[in-house]
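Me: I am new to this structure and would like a close look at a single part of it. Please take your time and connect what you describe.

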Amino acid sequence: MNGLYHENGCLGKEPWWKDATFYQVYPASFKDSNGDGWGDIPGLISKVDYLHELGVDVVWLSPVFESPQADMGYDVSDYQKIYAPYGTVEDVDALVKACHIRGMKLILDLVVNHTSIEHEWFKESRSSKTNPKRDWYIWKPARYDAEGHRIPPTNWRGYFAGSTWTWDEHTQEYYLHLYASEQPDLNWESEACREAIYENTMCFWLERGVDGFRIDTVNKYSKRTEYVDAPITNPNSPYQPAPEMWCNGPRIHEFIHEMRSKALEPYGAVSVGELSNTPHPSQVLPYVSAAAEELDMVFEFSMIRLGTGGMFGPKYIYVPFSLPQMKAIVSKWQTFIEGTDGWTTVFCENHDNGRAVSRFGDCSTPELWRASAKTLALWQATLTGTLFLYQGQEIGMTNMPATWGIDEYKDVESLNFYAEALASGDPKTIADTMHGLGILARDHSRIPFQWDDSPNAGFADEGVKTWMRVHDDYRDINAKNQAADQGSVLHFYKKVLRLRKEYKELFVFGTFRLLQAEHKAIFAYVKESPSNTSDGHPQANSHTVNGHGGKKRAAVVVLNFSKETQDCPDVRSVLGCDDEGVASLLVMSYAAAAASGPKQTPQEAAAPQPPEVVSSQSASTASLVDVDTPSVRTVPSDFMEQDVQTETQATRQELEDAAERARAEASLAKKKGSGKARKADSVLTKWFSDLSDGASTALGASNLAAVVGLSAFLGYKAWGLYERGRLGWKNIGIGAGIIAGVGIIEGVFGRYLYKGKKKQS
């Protein structure tokens, strides 16, 4: 959806949003422009240049519609108005313009599983049982137990604790709400309701230039209409988890296909859906298959839910997990689209979870925090799919301090789960819940953005009382300080985002193969660009994309998730360095060594490096080896300002000297049993096997150009004659045979040249 061409280089059938970088803005906490302590749209507009410089292509703006704010805007009372503290409809227009003039796009958060109880639709619906909008929401009569007590229609437990049903005294029925009682669910079974949703909530904003939507709770529109009790899995509670009653219901794909055809497709709008409680690829693929024409992509939450005790009763009783568990989940969702026409997303933070660097990294020291944040950045930037970042992720914002008490938590879910723990009267349950909230709570991602080291972290003016407390560490972690530090997390994000775009056929569209699945400290994997097509453009999911020079490339990514130095995998065997015609990109990051190892200056990093820099004990550098060119490129883990320095002037004598040093060190290492000989030898083999002289390269290129030119000319002439009836298929077949014969001769000649240059080196 949304076009076959866009200016960032993706020609052919891949839509623009696949290799775009999306950035989620939680408006209340991003930037306050008017001194009320609440972030707003004008504040966001003032920071669009910051996002553009970071490398963001699309801004995703979390809900800003009119709302009583029972759930921070996810309870909408008017879809065509803006909550006054955020600004006005005209401010949204200005934001659209600010994004578009910079070549960026804007998507809004669409919340149409439910509304606020203050929405006019619900007010009409609850006014009487005969109101035309009565069936726009889900109403059911009461049940009565053996003692005659009124009880809800089902025993379902909601996401925010408690029942999913609330009694309405006026009409003497219950209404359904999967979330807070202030968020009644819309009834998608009503065609009139669906049409109003498309027109009132979607087309209105698309007409104003918005580019699409992140669609909240997208797989919960179709409920099982028999409304029966869920099985009892928690005997201690009257309400039971029942996601099977409302997730992926019987008409869900019908509803979403209709939404696309009536509201999204006419505007070329991009869509990304929130898909919870859908743990199997076979369930997810129908939502994102291009042939199904439903959603462009979805968020699947298996990885980001690691550590939770489940989505219902024990959600905030923290459950430790291992790196192999995380790797298995990532591998599962990286590979499920291979060989299909589906697509996937990449993310590790959003507004509903704790900060990634606190959950998956180590913040015990500034050095380990920095190394952890960069490791997570490299991890995310090298995964297949569309990348989504959350505000503050790019500067390594952390969870709230452990010293903060429950009074600093504002989220309705956090407060409800804590209240439930208190009601249990069990000190252990209370302590465990508070511990879990300290790691997982949604509040952590919602504290004000840390722009600088001034009072209120630059989020609001000095003296302003902010709606949530500013983090105690804002003087150490903020965007202004990091913008001035070439070794900062912010600068690293800018560099890896550029690297991701430069090698998009590898990192965005490439296949994923997990290495060392059971290793408890190393997360390593191979990314490989799609197979080449006859015209030099690689294929990704059966669609054509621009390649990086038409070469097939492979990358090994090695991430150390421990404090100790780890041996890297045998890169030579992983990459298959002896294979001909495969360009290999090696990217490595070592969190612990980066924290304790020597720091390179920009001048040191830019200096020519010997091949043996690929080492399990090297924290400051890694190597990019392009076997189709006579060069080795050295890339610091911080990437510094030189980006990728290419050494093209190294003389043969210099290379031979480096080889001799590497062989001597490799021999010594081998005798010591360290296994480093293989690492040094693999890089040297690749370096020397790819040396060529300019004459042979020029000759090969000219011959290839001649074949391509001749083929194009003959094809053009043949087709013209065929169109005029002067040439038959037999003649065309003979011509094609001649061209193929010439191509084979050229291939044999190229093989001869390659063997010659390899023998020479």
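Over the face of which residue does R150 lie, and at what distance from the ring centre?

Reply: In this model, which is predicted, R150 lies over the face of W167, at 4.1 Å from the ring centre. To place that ring, it helps to look at the strands. W167 falls within β9, a strand that covers residues 165–168, and β9 belongs to an open sheet of three strands, arranged in the order β6-β10-β9 with antiparallel pairing. In that sheet β9 and β6, the latter made of residues 139–140, are the edge strands, each of which pairs on one side only. Strand β10, residues 173–176, is joined to β6 by two bridges, and these two strands run antiparallel; for K140, the bridge partner in β10 is Y174.

A charge over a ring also appears elsewhere in the model, where the charged end of K47 sits over the ring of W451, 4.3 Å from its centre. Rings can also be considered with one another: the structure holds 47 aromatic pairs, and ring pairs link W16, F22, W60, F299, F301, F347 and F388 into a cluster.

For a helix to set beside the strands, take α11, whose 13 residues, 412–424, should span 18 Å at 1.5 Å a residue, while the end C-alpha atoms are 19 Å apart, which agrees. The buried residues of α11 are V412, E413, S414, F417, Y418 and A421, and they pack against α12, residues 427–440. Just after α11 comes G425, with a positive phi of about 75°.

Terms used:
Residues are numbered from 1 along each chain as its sequence is written. This is a predicted model: local features need pLDDT of at least 70, side-chain atom pairs count only at pLDDT 80 or more; totals for chains, interfaces and linings use all residues. Side-chain values use heavy atoms; hydrogens and water are left out. Helices (H or I, at least four residues) and strands (E, at least two) are DSSP runs, numbered from the N terminus. The expected span of a helix is 1.5 Å times one less than its number of residues. Buried means under 20% relative accessible area, exposed over 50%, partly exposed in between (1.4 Å probe, protein chains only). Contact means heavy atoms within 4.5 Å. Two strands pair if DSSP finds at least two bridges between them. Rings of Phe, Tyr and Trp (its six-membered ring) pair if their centres lie within 6.5 Å; planes under 30 degrees apart count as stacked, over 60 as edge-to-face and the rest as tilted. A charge sits over a ring if NZ of Lys or CZ of Arg is within 6 Å of the ring centre and within 35 degrees of the ring normal.
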